[in-house]
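The following paragraphs lead through the helix packing, the charged pairs and a few individual residues of one model. Please keep the sequence and the coordinates at hand while reading.

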Amino acid sequence: ETTSTKGAGSQTMKEQDAERWGRLMSTVRTLVLVPASILLGLRCYGSWWWPALFVEMAVTQALALFRTYWLERNYPDLARERLSACFNPTSKKWDRIAVVALMGLIFFLPAVVGWDLRRRGPLYTSLLVRAICLFVMLVGHVGVCWVFATNSFASSHVRIQHEREHKVIKDGPYHFVRHPMHAMALLSFWAVAVYFASTAGMLFILLTTALLVARTAQEDQTLQAELSGYKQYTREVRYRLVPLLW
């Protein structure tokens with residue numbers, strides 16, 4: 001979530017190739033990995049009928065697709081950056097590993113929850129709690145859109161975007177925490193954990209939280225070392241993820 005712009009006509013051949021690969025990866029994730037995650041979850045659940053999973057996946061994917069469409073329509077330069085960042089040589093290697101690890105944990109979450117619910121059953125069955133969790137997921141996605149609207153450098157991978165005249169952003173959600181996109185992801189993760197009412201699922205999300213916190217800490221150190229003005233920003237906004245906490 002690193003904190004002008006460059007028109008599509010000025011893209012280099014390497015940038016265009018990186019964008020194509022990014023779009024291919026996004027398509028594979030949507031058409032292959034998401035269905036595979038659902039099928040694995042159903043297999044571990046022991047039934048092909050799991051309404052809670054279907055609703056959560058439908059809501060999550062609908063929000064993600066809408067966010068992607070909204071981003072490409074309103075902020076095409078940022079959309080291209082987020083698609084191509086994984087293949088940009090200036091992206092930090094450790095962050096590529098962290099992103100893959102986070103995606104892996106998210107992929108296996110339905111399987112872990114399904115296995116747990118099959119063995120122990122849910123901790124509770126309140127439809128109101130699930131409805132609130134779905135609303136919190138919506139808030140998380142809206143929060144990410146706020147980040148995109150505020151920060152034209154909100155890449156999907158940690159890198160200093162010298163070619164785009166990278167600078168520190170202090171407005172909008174960055175007035176409250178230094179990594180608001182990660183904060184919104186954390187909010188959505190825990191909404192999903194509470195939604196499924198699974199002990200193992202919550203422990204799994206706790207592991208995901210630990211990885212996200214570690215990634216945020218490393219990103220913050222990178223920005224302090226390499227992005228001009230960021231150290232001063234850390235004195236103005238003290239908290240990385242959660243106001244009054246960290």
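Buried means a relative accessible area under 20%, exposed means over 50%, and partly exposed covers what lies in between, with a 1.4 Å probe and protein chains only. The model is predicted, so local features need pLDDT of at least 70 and side-chain atom pairs count only at pLDDT 80 or more, while totals for chains, interfaces and linings use all residues. Residues are numbered from 1 along each chain as its sequence is written, and side-chain values use heavy atoms, with hydrogens and water left out.

The charged pairs come first. Side chains of opposite charge can pair when their charged atoms come close. A salt bridge here is a side-chain nitrogen of Lys or Arg within 4 Å of a carboxyl oxygen of Asp or Glu, and the structure holds 10 of them. Helices, to which these pairs are assigned below, are DSSP runs (H or I, at least four residues), numbered from the N terminus.

One salt bridge joins the side chains of Asp95 and Arg215, at 2.5 Å from N to O. Because Asp95 belongs to helix 4 and Arg215 to helix 7, this pair ties together parts that are 120 residues apart in sequence. Both Asp95 and Arg215 are buried. Another salt bridge is formed by the side chains of Asp220 and Arg178, with an N to O distance of 2.8 Å. Here Asp220 is in helix 7 and Arg178 in the loop between helix 5 and helix 6, so that distant parts of the chain, 42 residues apart, are linked. Asp220 and Arg178 are likewise buried.

Which residue does Glu226 meet in a salt bridge? Its partner is Lys92, with 3.0 Å from N to O between the side chains. Glu226 lies in helix 7 (residues 199–226), and Lys92 lies in the loop between helix 3 (76–84) and helix 4 (93–120); the two are 134 residues apart. Glu226 is partly exposed, at a relative accessible area of 39%. In addition, Glu81, Arg159 and Glu163 are linked in a network of salt bridges.

Glu81 also appears among the buried residues of helix 3, which are Asp77, Leu78, Ala79, Arg80, Glu81, Leu83 and Ser84. Since seven of the nine residues of helix 3 are buried, this helix is largely enclosed by the rest of the structure.

Helix packing is described next. Axes are lines fitted to C-alpha atoms, for helices over the stretch in contact, and angles run from 0 to 180 degrees between N-to-C directions. Helix 5 (residues 127–150) and helix 6 pack at an angle of about 165°, their axes being 8 Å apart. Helix 5 is therefore roughly antiparallel to helix 6, a term that applies to angles over 145 degrees. The crossing of helix 5 with helix 6 is left-handed, meaning that the near helix is turned anticlockwise from the far one by less than a right angle, whereas clockwise would make it right-handed. Contact means heavy atoms within 4.5 Å. Among the residues of helix 5 that meet helix 6 are Cys133, Met137, Gly140 and Val144, and those of helix 6 include Met184, Leu187, Ser188 and Ala191. By class, this contact comprises 18 nonpolar, three polar and one charged residues. In this scheme Ala, Val, Leu, Ile, Met, Phe, Trp, Tyr, Cys and Pro count as nonpolar, Asp, Glu, Lys and Arg as charged, and the others, Gly among them, as polar.

Helix 6 (residues 180–196) also packs with helix 2 (residues 51–74), at about 160° and with axes 11 Å apart. Helix 2 and helix 6 are therefore roughly antiparallel to each other, and their crossing is right-handed. Ala52, Leu53, Val55 and Glu56 of helix 2 meet Val192, Tyr195 and Phe196 of helix 6. The contact of helix 2 with helix 6 has six nonpolar, no polar and one charged residues.

Some single residues complete the tour. Most residues other than glycine have a negative phi. Ala197, in the loop between helix 6 and helix 7, has a positive phi of about 55° although it is not a glycine. Ala197 is buried, with a relative accessible area of 1%. Glu165 also has a positive phi of about 55° without being a glycine. Glu165 lies in the loop between helix 5 and helix 6 and is exposed, with a relative accessible area of 60%.

Finally, Ser37 is found in helix 1 (residues 13–45). Ser37 is buried, with a relative accessible area of 3%. Leaving aside residues up to four places away in sequence, Ser37 touches Met57, Ile106, Phe107 and Pro110.

Conventions. Parallel < 35°, antiparallel > 145°, perpendicular 65-115°, else oblique.
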